[in-house]
Amino acid sequence: MTDESPSTVFVHPTADVEQGAQVGDGTKVWHLAHVRSSAQVGAGCVIGRNVYVDAGVTVGDLVKIQNNVSVYQGVTLEDEVFVGPCAVFTNDFRPRAQNPDWKITPTVVRRGASIGANATLVCGIEVGEYAMIAAGSVVTRDVAPYQLVAGNPARPKGWVDERGEVVSRDVDNPPQRG
C-alpha cells in the first residue's frame, strides 16, 4: 500500500496498488483501481472505481478522481482537484502504436480546479487554480485561474469563485479578488 506504516489507507481487495507507489494517509482506493509503482497519491484522496494512476504521476492531497478515469504519465494533479467520471487525459501529441521518438507532453492541473464528467484534456496544457471545466468539454489550451470553460473546443464562459459559483459572465475581464 504505502512505503510508511502504520497507515489509514483503504485499498479495496480488487484494487492493485503496486510496490513502490506512495499513497497518503486517509486515502481510499476503490474497486478495480490501479496505482502504478512510482505514482504518488497524497493524503485524504478518493480514487474511484476503475481509476488508473500511471507510474510517475503526482496526485496532491484531498483530490477526488471519479470512476473510469486514467491519469497517465506526465499528468500532475495538485491539491484539492476534482476529476469527474470518465474524464480523459492525453500525454502524446502524435499518438501512434509504434513511435520510437515518443515523448511525454506534461499537463498540470492546479490547486482546487474541477474537471467535469467526460471532459478531454489534450496534453501540454495548464489548468489554473480553481478553474472549472464543464462536462463534455475538449480542452486544447491553457485555462486561466478561476476561469469557466465549456464546449468543443472549450471556450471561456466566465469566472468562478473557490466554491465553483459563477461570479461573472464577462469572459474578457476577470473579477477583482481580495
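## Two buried tyrosines

A residue counts as buried here when its relative accessible area is under 20%. This is a predicted model, and by that cut-off Tyr130 and Tyr146 are both buried in it. For Tyr146, the relative accessibility comes out at 10%, so it falls on the buried side of the line.

Tyr146 sits in the loop between β20 (138–139) and β21. Its backbone is worth a look too: phi is near 65°, a positive value in a residue that isn't glycine. As a rule, most residues other than glycine have a negative phi.

## Rings that meet

There are 3 aromatic pairs in the structure. In one of them, the ring centres of Tyr52 and Tyr72 are 6.0 Å apart with the planes at 55°, so this pair is classed as tilted. Tyr52 belongs to strand β8 (residues 52–53), while Tyr72 is in the loop between β11 and β12 (75–77), so the pair links distant parts of the chain, 20 residues apart. Tyr72 is partly exposed, at a relative accessible area of 32%.

Tyr130 and Tyr146 make a stacked pair, with 5.5 Å from centre to centre and 25° between the planes. Tyr130 is in the loop between β18 and β19 (132–133) and Tyr146 in the one between β20 and β21, so their pairing ties together parts that lie 16 residues apart in sequence. Tyr146 has another partner as well: the charged end of Arg177 sits over its ring, 3.6 Å from the centre.

## The sheet

Moving on to the strands, 6 of them form an open sheet with parallel pairing, and the order is β3-β6-β9-β12-β15-β18. The edges are β3 (22–23) and β18 (126–127); each has a single partner strand, so one side of each has no neighbour in the sheet.

At the β18 edge, the partner is β15 (residues 107–109), and the two pair in the parallel sense over 2 bridges. Val109 stands opposite Val127 of β18.

## The nonpolar core

In soluble globular proteins, nonpolar side chains tend to be buried together. Here the largest nonpolar core has 40 residues, and the ones with the most contacts inside it are Ile65, Leu77, Phe89 and Leu121.

Take Ile65 as an example. Leaving aside residues up to four places away in sequence, Ile65 touches Val46, Ile47, Gly48, Val51, Val59, Val71, Leu77 and Val83. One of these contacts, Leu77, is also on the list of residues with the most contacts in the core.

## Loops to look at

Cys86 is in the loop between β13 (82–83) and β14 (88–89). With a relative accessible area of 32%, Cys86 is partly exposed. Its C-alpha is 7.5 Å from that of Gln66, although the two residues are 20 apart along the chain. Beyond residues up to four places away in sequence, Cys86 touches Asn67, Asn68, Val69, Asn118 and Ala119.

Asn68, one of those contacts, is in the loop between β10 (64–65) and β11 (70–71). At 39% relative accessibility, it is partly exposed. Like Tyr146, Asn68 has a positive phi near 65° without being a glycine.

The last stop is the loop between β21 (147–150) and β22 (155–160), where you'll find Pro153. A cis peptide bond joins Asn152 to Pro153, with omega at about -5°. For context, most peptide bonds are trans.

Note on methods. Residues numbered from 1 in each chain as written. Predicted model: local features only at pLDDT ≥ 70, side-chain atom pairs only at ≥ 80, totals over all residues. Heavy atoms only, no water. Pairing = 2+ DSSP bridges. Helix = DSSP H or I, 4+ residues; strand = E, 2+ residues; numbered from the N terminus. Buried < 20%, exposed > 50% of the residue type's maximum accessible area, 1.4 Å probe, protein only. Core = buried A, V, L, I, M, F, W, Y, C linked by side-chain atoms within 4.5 Å. Contact = heavy atoms within 4.5 Å. Phe/Tyr/Trp six-rings, centres within 6.5 Å; stacked < 30°, edge-to-face > 60°. Lys NZ or Arg CZ within 6 Å of the ring centre and 35° of its normal.
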